[in-house]
Amino acid sequence: MSHLSQRPADAVVGETHHHESAFGHVTGTALYTDDLVGRLTGVLHAYPVQSTQAHARINSVDTAPADEVPGVVRVITAADIPGVNDQGAKHDEPMLPTGEIMFYGQPVAWVLGENLEAAKAGAAAVVVDADPLPSLVTIGDAIEAQSFHGIQPVIDKGDVDGAFADAAHVFEGEFEFSGQEHFYLETQASLAHIDENGQIFIQCSTQHPTETQDIVSHVLGVPAHEVTVQCLRMGGGFGGKEMQPHGYAALAALGAKLTNRPVRVRLDRTCDITMTGKRHGFHSSWRIGFTEDGSILALDATLTADGGWSLDLSEPVLTRAMCHIDNAYWVPNIRVHGRIAKCHKTSQTAFRGFGGPQGMLVMEDILGRVAPQLGLSARELRRRNFYPAGQDTPYYQPVRHPERMEASWDQLLSSAEVERREAEIAEFNARHDHIKRGIAITPVKFGISFNLTAFNQGGALVLVYKDGSVLITHGGTEMGQGLHMKMMQVAATTLGVPLSTVRLAPTRTDKVPNTSATAASSGSDLNGGAVKDACEQIIDRLVHVAASLLGAPAHEVRIKRGVVSALSSTKTVTWEELVNAAYFQRIQLSASGFYRTEGLHWNLSAMRGEPFKYFAYGAAVSEVEVNRFDGSYRLRRVDIVHDVGDSLSPLIDLGQIEGGFVQGAGWMTLEDLRWDDSDRPSRGRLATQAASTYKIPSFSEVPDVFNVSLLDKAHEEGAIYGSKAVGEPPLMLAFSVREALREAVAAFGAPGTSVELASPATPEAVFWAVESVRDTPGQPDADPLTAAADAEEEGARAETPGTADSEEGVTVPS
């Protein structure tokens with residue numbers, strides 16, 4: 001067992017603890033970036049001047065009318081930027097446009113006011129004169145115009161053409177699916193001020209403080225050591241605060257420089273949703289071949305990501321989608337082409353899963369479509385194609401522990417009683433003409449690590465004070481996912497002290513420099529390794545002090561729950577006594593830790609290598625009920641078995657699994673981004689720009705029965721205390737909801753009906769899918785009013801306790 005993954009007896013990791021800020025969250029005492037405004041005096045408030053055209057040539061920006069508005073202090077345009085006018089990952093994203101508007105809602109200028117109302121009034125007074133230019137709004141527009149940007153990578157393994165020639169069954173099709181709005185509770189927020197030495201201090205809701213620092217530095221034209229970025233905590237991020245916050249932080253810092261007053265940038269919901277990037281929607285075209293027995297023989301696919309107006313992180317999102325198109329299935333011969341559509345709308349960005357969900361969704365949609373045509377159940381087709389031992393991925397990375405996929409699947413089949421419920425659902429559907437149920441099980445195999453090898457590093461600073469108390473700072477940011485609690489548990493375990501001994505300081509760039517984003521599900525892996533390294537440096541010094549106190553060899557010293565002992569000594573001392581003795585012996589009681597993920601290599605040009613440290617596995621069973629007349633449906637029950645290795649903090653991991661699943665179900669079934677693609681002046685405007693028009697999951701969408709289990713005996717060698725990442729993989733478990741809807745829709749048609757289902761599978765989409773399958777001969781018809789009443793009665797009867805259709809109640813884990 002590796003030193004990194006070896007877990008001591010009676011460790012603090014593995015214990016169940018609440019979120020580090022749980023009490024602050026529920027009492028309202030936990031502070032967020034915008035809460036800090038009241039601690040400063042003379043704060044100016046920023047508000048954007050947004051474009052009302054999707055694509056236009058700027059003739060002039062007249063700011064003079066805004067200067068006449070009471071309370072307006074300054075209008076900032078591109079001409080005020082002293083350094084590089086760019087806020088993007090690929091240097092193709094001007095912070096403020098100089099000649100060309102690229103999307104509807106793009107900020108053209110910013111107004112600073114004594115209060116938000118003054119800033120808004122000033123923004124409304126600015127006059128932007130721009131001539132409209134042709135615009136591409138949909139991914140279809142871009143494909144037709146051959147409007148692409150960035151790389152166009154290719155995966156090519158095996159003999160694809162020869163395999164198709166040998167295939168017993170060949171299918172082909174297209175599939176386009178929507179992106180997703182992050183809809184974090186806390187919108188983008190930054191607060192900047194300048195101290196007496198000219199140091200720029202920025203409080204920012206950011207997943208990547210170092211890159212926020214970098215971009216502020218080059219926008220202002222100052223070295224990085226003049227900029228300090230702190231992230232206290234975020235009210236959600238989901239990837240939307242990996243690249244997107246930097247420009248707003250730079251604007252706040254620029255405003256503070258220009259006015260010598262603190263500047264607050266906090267987007268309201270409409271500004272946030274119309275100005276920031278989303279999950280990438282995708283278009284796919286595919287051709288797949290099977291053997292006679294239903295084994296996948298070949299896949300040829302083209303994935304087109306909807307990148308928006310600039311590249312942002314579209315290139316790594318695309319490559320991760322391509323690397324995950326196999327999901328949990330072995331495809332011996334595969335060719336995948338990738339490209340990024342350039343459109344005139346928000347620049348799409350990172351979102352939980354980072355392209356992985358998009359690639360995996362393509363494969364799950366294919367299997368769900370073709371299973372009936374192969375004469376197999378979708379469950380059997382999926383299981384039949386799992387990775388066997390000894391195989392590698394389309395990019396030639398060996399798949400370790402494929403048996404864990406089978407273990408998760410088999411454990412779920414048993415615990416969720418899938419076969420029994422399938423029979424009950426078939427019997428239910430035979431008795432009900434207007435309501436049908438469906439059940440589906442889908443797998444997840446998700447690679448963990450950043451695509452770019454250099455990003456797989458983390459840092460930490462651990463301080464032990466004379467009284468024995470411990471303060472840790474690490475490079476990861478807290479966005480509600482529980483990272484801070486896990487890092488405190490890692491520190492307590494490594495030092496051998498009670499959890500109450502450890503406190504955590506906010507993440508900031510002058511304590512831990514050059515960090516990677518808290519993203520790619522790697523926060524615990526990278527920062528946990530760094531925290532452990534720092535703690536071990538301190539322990540290596542302390543054991544020699546302890547040896548002299550105990551009269552025993554240093555290698556015998558053990559520190560456990562704050563008690564210091566040695567195998568050959570009857571004496572013990574407390575942690576506090578040891579630390580105090582070390583101080584008086586002038587032993588350093590602080591350390592800077594570092595961790596880099598070993599064993600990674602990646603050749604982007606060849607799309608080949610081992611980009612992932614390991615794979616996380618999981619499976620989910622979902623059961624739904626669909627009403628024929630309006631396409632409405634209910635998620636009746638969900639059962640999940642998920643692989644988190646040896647959990648660092650089980651309660652937090654359960655929360656991540658539940659939350660990720662629900663967010664994925666929202667993407668699959670509810671969240672429908674709509675841009676105006678008409679020829680009206682409003683072309684390119686995002687129509688779904690508020691909670692009233694963009695539906696995210698609520699309590700009513702949470703399943704009635706929700707069972708989550710962690711996979712047993714899943715120690716991950718070479719990862720921090722044997723654990724695995726848990727942030728992103730659970731989102732893809734929600735594919736089971738969409739596939740269950742497909743099964744329910746198919747039940748309205750003739751046996752063996754193949755169902756094409758839109759994504760998101762909104763009630764409207766489900767209704768039209770039902771209508772499509774009902775076009776087949778022999779389906780019942782009825783008077784709509786009578787049938788609707790029958791459907792309501794059927795649904796009520798199905799839910800009456802004690803009837804043949806009732807379920808045993810199962811509670812959600814607390």
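Here are three short exercises with worked solutions on the predicted model above.

**Exercise 1. Two helices**

Task: Find how α6 and α7 are oriented to each other, and which residues meet.

Solution:
- Start by locating the helices: α6 covers residues 209–220 and α7 covers residues 245–259.
- Next, take the geometry: they pack at an angle of about 45°, and their axes lie 9 Å apart.
- That angle makes α6 oblique to α7, and their crossing is right-handed.
- Now look at the contact. From α6 come Glu211, Thr212, Ile215, Val216, Val219 and Leu220. Their counterparts in α7 are His246, Ala249, Ala250, Ala253, Leu254 and Lys257.
- Finally, sort the contact of α6 with α7 by class: 8 residues are nonpolar, 2 polar and 2 charged.

**Exercise 2. A small puzzle in strands**

Task: Work out which strands stand at the edges of the sheet β4-β2-β6, and why one side of each has no neighbour there.

Solution:
- Write down the order: this open sheet of 3 strands runs β4-β2-β6, with antiparallel pairing.
- Count partners: β4 (100–101) and β6 (127–132) each have a single partner strand, so one side of each is left without a neighbour in the sheet.
- Zoom in on one pair: β2 (residues 56–62) and β6 run antiparallel and are joined by 6 bridges. Within this pair, Val61 stands opposite Val128 in β6.

**Exercise 3. A salt bridge**

Task: Describe the salt bridge of Arg261 and say where its two residues sit.

Solution:
- Identify the partner: Arg261 pairs with Glu114, and their closest N and O atoms are 2.8 Å apart.
- Check the cut-off: a salt bridge needs such atoms within 4 Å.
- Place both residues: Arg261 is in the loop between α7 and β12 (263–266), while Glu114 is in the loop between β5 (107–113) and α3 (116–125).
- Note the separation: this pair links distant parts of the chain, 147 residues apart.

How values were computed:
Residues numbered from 1 in each chain as written. Predicted model: local features only at pLDDT ≥ 70, side-chain atom pairs only at ≥ 80, totals over all residues. Heavy atoms only, no water. Axes fitted to C-alpha atoms, helices over the stretch in contact; angles between N-to-C directions. Helix = DSSP H or I, 4+ residues; strand = E, 2+ residues; numbered from the N terminus. Parallel < 35°, antiparallel > 145°, perpendicular 65-115°, else oblique. Left-handed = near helix turned anticlockwise from the far one by under 90°. Contact = heavy atoms within 4.5 Å. Nonpolar A, V, L, I, M, F, W, Y, C, P; charged D, E, K, R; others polar. Pairing = 2+ DSSP bridges. Salt bridge = Lys/Arg side-chain N within 4 Å of Asp/Glu carboxyl O.
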